[in-house]
Amino acid sequence: MKKIDDLLIQYTENDDLPSAIAGVANAQGVLYVGAAGKRSLNETQSMSADAIIDIASMTKAVTTVATLQLVETGAIDLDEPINTYLPQLKELKVLEGFDSNNKPRLITPNTKPTTRQLLTHTSGYVYEIWNADALRYVTSGHVGSLFAPQSDGLMAPLAFSPGERWEYGIGIDWAGILIETISGKELDTYFAENIFDPLEMHDTFFSVPEDKVSRRSSMHSRSPEGLITVPHSPDGGSGGGGLNSTIGDYLSFLRMLLNDGTLDNERILKPATVRSMFENHIGELQVAAGKTQRPELSNDFDLTFNTPAKWGLGFLLHEKQTPAGRTAGSASWAGLFNTYFWIDRETDLCAVIGSQLLPFFDESAIAMLKDFEKTVYDYYAN
């Protein structure tokens with residue numbers, strides 16, 4: 001669709017963004033896939049629609065689906081304390097703050113987190129990127145950064161007792177460990193056998209195969225000197241992030257959710273399970289904005305766009321229609337490297353757009369997202 005093509009070109013032609021890649025689909029099929037800009041600012045090769053990109057926290061929706069598959073078999077109870085399955089979490093503590101000697105104050109939580117709370121960011125687990133105490137705990141040497149190779153960052157304490165509030169965090173990383181524990185399979189193997197292969201998502205994996213590296217987009221960062229190319233994160237991943245994929249593959253995953261858990265006669269989840277993903281699972285709590293503690297990785301962000309929002313299972317739920325067109329009840333989330341998606345079951349539309357750029361919630365990337373969303377609804381929802 002030329003209007004979307006022009007939009008992607010507009011945001012990349014002056015290196016405002018290094019690249020842009022986008023796709024739109026409904027339950028019946030893919031409506032649009034396109035790309036603009038350069039795969040790497042250090043090279044002349046154009047970004048292509050089949051480029052492999054790092055989707056970061058868009059992995060979380062996949063992990064949620066995998067968890068719910070095990071719920072359907074009866075292997076996991078969403079409301080059972082997580083230490084029932086993962087005994088290493090029996091003695092969890094809450095980081096209440098630090099004393100005058102910079103010693104952490106650790107207390108016992110009021111309850112143990114459940115799998116549902118891991119999936120809904122109400123477990124007490126947080127990210128050092130957006131939580132000052134969590135970052136201080138890392139920089140004081142008590143635990144490694146989650147973003148460092150071979151890190152013990154998942155062993156960080158909780159930031160609050162489970163159920164007290166919503167705060168984006170590493171709970172779904174622990175859900176990934178739960179999947180491995182229950183299934184007896186490595187996460188990438190479980191994903192491939194139970195989600196990717198049935199959906200023919202042949203370009204989605206934690207480690208990009210050698211024969212596909214040539215299609216991988218470079219990573220970039222917005223520095224004081226302008227856009228620069230930076231190294232990729234090390235290969236590998238967890239329930240919370242690390243997958244590489246294409247726009248086409250991720251649209252297949254989203255279309256499966258539009259189709260009540262089935263795509264091309266392959267059932268991934270039961271219809272009732274999919275419907276539950278789009279229901280409020282955090283009660284009276286509200287999804288909150290994130291205030292950056294590591295500006296090289298993220299700006300302040302607000303994926304509610306300053307409107308009331310809840311959390312389902314796998315993604316944010318918009319309680320009201322967004323200014324650009326998503327209907328009330330639609331779902332969305334994002335990845336650290338400025339990739340964004342939404343699913344609108346009422347309008348029968350899903351979409352993905354993004355770049356490969358740090359820090360997260362880049363001003364130009366968000367402007368492009370909003371313009372793209374308006375264009376999608378102007379053209380495809382009428």
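**Helix packing and selected residues in the predicted model**

N244 counts as buried because its relative accessibility is 2%, below the 20% cut-off. The model is predicted. N244 sits in strand β8, which spans residues 243-245. The side chain of N244 forms a polar contact with the side chain of R216, at 3.5 Å. R216 also appears among the residues in contact with N244 once neighbours within four places in sequence are set aside. That list further holds I52, I53 and D54. It also includes D203, T204, F205, F206, S207 and V208.

Helix α2 was examined next. Helix α2 covers residues 59-72, and helix α5 covers residues 171-183. The axes of α2 and α5 come within 10 Å. They cross at roughly 40 degrees. The two helices are therefore oblique to each other. The crossing of α2 and α5 is left-handed. On the α2 side, the contact involves K60, T63, T64, A66, T67 and L70. These residues meet I172, A175, G176, I179 and I182 of α5. By class, the contact of α2 with α5 holds six nonpolar residues, four polar residues and one charged residue.

Helix α2 also packs with helix α6, which runs over residues 187-196. Here the angle is about 80 degrees, and the axes lie 11 Å apart. This angle makes α2 roughly perpendicular to α6. From α2, the contact draws on V62, T63, V65, A66, Q69 and L70. From α6, Y190, F191, N194, I195 and F196 take part. Eight nonpolar and three polar residues make up the contact of α2 with α6, with no charged residues. T63, A66 and L70 of α2 thus appear in the contact with α5 and again in the contact with α6.

K60, one of the α2 residues that meet α5, is also linked to strand β13 by a C-alpha distance. The C-alpha atom of K60 is separated by 9.4 Å from that of A334, although the two residues are 274 residues apart along the chain. A334 lies in strand β13, residues 331-335. With a relative accessible area of 2%, A334 is buried. Beyond its neighbours within four places in sequence, A334 is in contact with S57 and M58, among others. The remaining partners of A334 are L303, T339, Y340, F341 and F360.

F360 recurs in the surroundings of S298. S298 is found in the loop between α8 (271-277) and β11 (309-311). At 0% relative accessibility, S298 counts as buried. Its side chain makes a polar contact of 2.9 Å with the side chain of W130. Leaving aside neighbours within four places in sequence, S298 is in contact with I129, W130, T292, P359 and F360. F360 is therefore a partner of A334 as well as of S298.

E363 offers a contrast in exposure. E363 lies in helix α9, residues 363-380. E363 counts as exposed because its relative accessibility is 70%, over the 50% cut-off. The C-alpha atoms of E363 and N299 are separated by 8.9 Å. Along the chain, E363 and N299 are 64 residues apart.

Note on methods. Residues are numbered from 1 along each chain as its sequence is written. Side-chain values use heavy atoms; hydrogens and water are left out. Helices (H or I, at least four residues) and strands (E, at least two) are DSSP runs, numbered from the N terminus. Buried means under 20% relative accessible area, exposed over 50%, partly exposed in between (1.4 Å probe, protein chains only). A polar contact is a pair of N or O atoms within 3.5 Å; within protein, one must be able to donate a hydrogen and the other to accept it, and residues adjacent in sequence count only if both atoms are side-chain atoms. Contact means heavy atoms within 4.5 Å. Axes are lines fitted to C-alpha atoms, for helices over the stretch in contact, and angles run from 0 to 180 degrees between N-to-C directions. Angles under 35 degrees count as roughly parallel, over 145 as roughly antiparallel, 65 to 115 as roughly perpendicular and the rest as oblique. A crossing is left-handed if the near helix is turned anticlockwise from the far one by less than a right angle, and right-handed if clockwise. Ala, Val, Leu, Ile, Met, Phe, Trp, Tyr, Cys and Pro count as nonpolar, Asp, Glu, Lys and Arg as charged, and the others, Gly among them, as polar.
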